[in-house]
Amino acid sequence: MKFLTDLEAHLRSRFANYPAEAVLAVDPCPEGQNGDFTLNCFKIARFCGNPVAAAQAAGEFLSRHEDIEAVDIVKAFVNITMKAGALMRETEVADMDALLRNVALPHAERGKVLIEYSAPNTNKPQHLGHVRNNTLGMSLASLLKRVGHDVVEINLVNDRGIHICKSMLAYQRFGNGETPESCGIKGDHLVGDYYVKFNAELSKELKALRAAHPEYADRDDDELFGETELGSAAQKMLRDWETGNKEVRALWEKMNSWVFAGFAVTYERMGIHFDHTYLESQTYLLGKDIVSKGLEMGVFTRRADNAVICDLGKLGTKVVLRSDGTSVYITQDMGTTLRKYEDYHADTMIWVVGDEQILHFQMLFTIMKKLGYAWADKLFHLSYGMVNLPNGKMKSREGTVVDADDLFDEMSGLAAAECRNRADGALSEEEVKTRGEIIGIGALKFMLLKFNPKTTMTFDPAASLKFEGDTGPYVQYAATRVNSIRRKAAERGLTGKNVDWNLLCHPTEKKLAVKLSFYGNTLRQAAAKRDCSGVVEYLLDVAKAFNSFYRECPVVSADSPELAAARLALAECVGKVLTDGLNTLTIQVPEAM
RNA sequence: GGUCCGGUAGCUCAGUGGAUAGAGCAGUAGCCUUCUAAGCUAUUGGUCGAGGGUUCGAUUCCCUCCCGGACUACCA
């Protein structure tokens, strides 16, 4: 802002030790204080004497500035009231295209970012936990794009392993050849049903086994897995899969294709489009050559039992190759990390993975650094907390898992019902569905993004279906209100062109403009922190200010056509920012609500 | 035991070295002949887990302790 750069120049000329780079920044003036912006002079006190003296000096200069109407100094805070026209110009509200364009980072700060998220297993449908992952991933990807990065979105599907064999085996035994088509069940759900079936049958067997062998009492399920008939059959199936047994491979192909078809529907509904999907079945053998390289470099050592290990200091010792020479999880992760780098040469790689894997990623990143990869210090694990329900954790065994597709249906259905109700027959059923989907899915994503990723959040199904208060629909509603203002204004022949910005001097109007001016900063900060929750808070804040404006400053029935035009222009700017903001979070905005 | 994350209003969560700690929900009292009430206005509600320290100033930084969770596999 001009008055800031002017003040900066003034201070620099007055104080010899004032730094060359800019240090001044203003915040919105808090509620209850007298001003549009506030300058905190505690922060420049070290260059300009004590805080209060700094505030006096700054205030004195600003009170003479052409853009400033009044200055109110409280302690070391300089509360600045701008002239209305200057405020609208400096906040870029008067040039909304510039406001939206200036969101992007300077070219030098842009880079190529690879972001991996979702990473589902192909043995069951996705649940609320996946929805949080998907939402965090897709929204962060979108945000990074919005500020100018070149973003590649990838998925790594866990399509092989013992858990996959479990559902395959249960299907083989109990499936009677049914298919998603024959039974009308979505493919991922059908396969998931057999995974559940396997576990149910296994439990029975374990119970019988323990009854027959009292000496097994203190051995847990995993230890006894291989002792059960089903368990050993699943293990055999995995070996058959690995040796390329035709029958097993054919079954695997068939069931995975069902799951992929199911996932495609879920992803489409969320609006997810990956640039590339890696399959674990094609990457799980990667990484062994890196182990040999690490051994040569002395990064890894061979233990007496022939296992290859890596000493990671206070992180502990990590086995990177089993004593029988086979890979562990981190081996293939080392391999895929290198593969991803070779495929895309990204400046930064991000993994969206739950916080239970924090240690794993610390180890992975440390190993990649030890192996000498220059890019390894630009790896980032975006960890997020679990999603709990009001009465505790989601547990598949207790049937408390919130299924993604069911949840979408429920959210969408409720929103559609509300739309149908409000439209009172004026909307086609198709339009009702479309709006319901945008509002319902939007509400869900918005709610998931509102929390800081790190927090272990509680999902309250009842509360989430309310669509009131700090929700996505609240922001969507504010955005659509702009449409109705525009429509009504057009009927009266009003446009938001050739505006006299000096007319927007109502406190509510100025407050709104001040908030709008922080849009770019908010997005860039959120992108730097890799955390969308700041954007959510910001959009709620703008929507709230706009709803007050909506009540207090009528547009169409304003005192003069000139004022109406100016208010319309301000409302248009709000509409653009809210829509751009929601879209950046991958949330759509309906035409009306 | 060790490492990491959290503990802020009845509930769910923001905040972060600075002005009187915020929002939504829930509660209370109002507002639809007006651009859509999925809205607005007012209001009740807090020893920011506890105790020390650093600082002009700490909910925020440091230390100790208490409580909750995650991790601590030759599982993924």
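User: Which helix gives the largest share of the surface near RNA strand B?

Analyst: Heads-up: this is a predicted model, where local features need pLDDT of at least 70, side-chain atom pairs count only at pLDDT 80 or more, and totals for chains, interfaces and linings use all residues. Residues are numbered from 1 along each chain as its sequence is written, while chains are lettered from A and ligands numbered from 1 in the order in which they are written. "Near" here means that a residue's C-beta atom, placed from the backbone, lies within 6 Å of the strand, and helices (H or I, at least four residues) and strands (E, at least two) are DSSP runs numbered from the N terminus. Strand 4 (77-82), helix 15 (358-370) and helix 22 (533-552) are among the elements that supply at least two residues each, but the largest share, eight residues, belongs to helix 19.

User: How do the residues near RNA strand B divide by class?

Analyst: There are 64 residues around the RNA, with Arg 322, Tyr 329, Asn 452, Gly 469 and Ser 484 the closest. For the classes, Ala, Val, Leu, Ile, Met, Phe, Trp, Tyr, Cys and Pro count as nonpolar, Asp, Glu, Lys and Arg as charged, and the others, Gly among them, as polar. The split comes to 29 nonpolar, 19 polar and 16 charged.

User: How are helix 17 and helix 19 oriented to each other?

Analyst: Their axes come within 7 Å and cross at roughly 125°; these axes are lines fitted to C-alpha atoms over the stretch in contact, with angles from 0 to 180 degrees between N-to-C directions. Angles under 35 degrees count as roughly parallel, over 145 as roughly antiparallel, 65 to 115 as roughly perpendicular and the rest as oblique. That makes this pair oblique.

User: Which residues of helix 19 make the contact with helix 17?

Analyst: Two residues are in contact if their C-beta atoms, placed from the backbone, lie within 7 Å. By class, this contact has five nonpolar, three polar and one charged residues. Helix 17 brings Ile 439, Gly 442, Ala 443, Lys 445, Phe 446 and Met 447, and helix 19 brings Gly 472, Pro 473 and Gln 476.

User: What do the buried residues of helix 22 pack against?

Analyst: A residue is buried if 20 or more other C-beta atoms lie within 10 Å of its own, exposed if 12 or fewer, and partly exposed in between, with C-beta atoms placed from the backbone. In helix 22 the buried ones include Val 535, Tyr 538, Val 542 and Phe 549. Their packing partners are helix 5 (128-146), helix 17, helix 19, helix 20 (507-516), helix 21 (519-529) and helix 23 (561-584).

User: Is Asp 424 buried or exposed?

Analyst: Asp 424 lies in the loop between helix 16 (404-423) and helix 17 (429-450), and its phi is near 55°, a positive value in a residue other than glycine. Most residues other than glycine have a negative phi. With 7 other C-beta atoms within 10 Å, Asp 424 is exposed.

User: What is the phi of His 345?

Analyst: You'll find His 345 in the loop between helix 14 (329-344) and strand 11 (348-354). His 345 is exposed because just 10 other C-beta atoms fall within 10 Å. Although His 345 is not a glycine, its phi is positive, at about 45°.

User: How much of chain A counts as buried?

Analyst: Chain A has 23 helices and 15 strands, and its C-alpha atoms fill a box of roughly 90 × 70 × 40 Å along the principal axes. Of its 593 residues, the buried portion is 40%.
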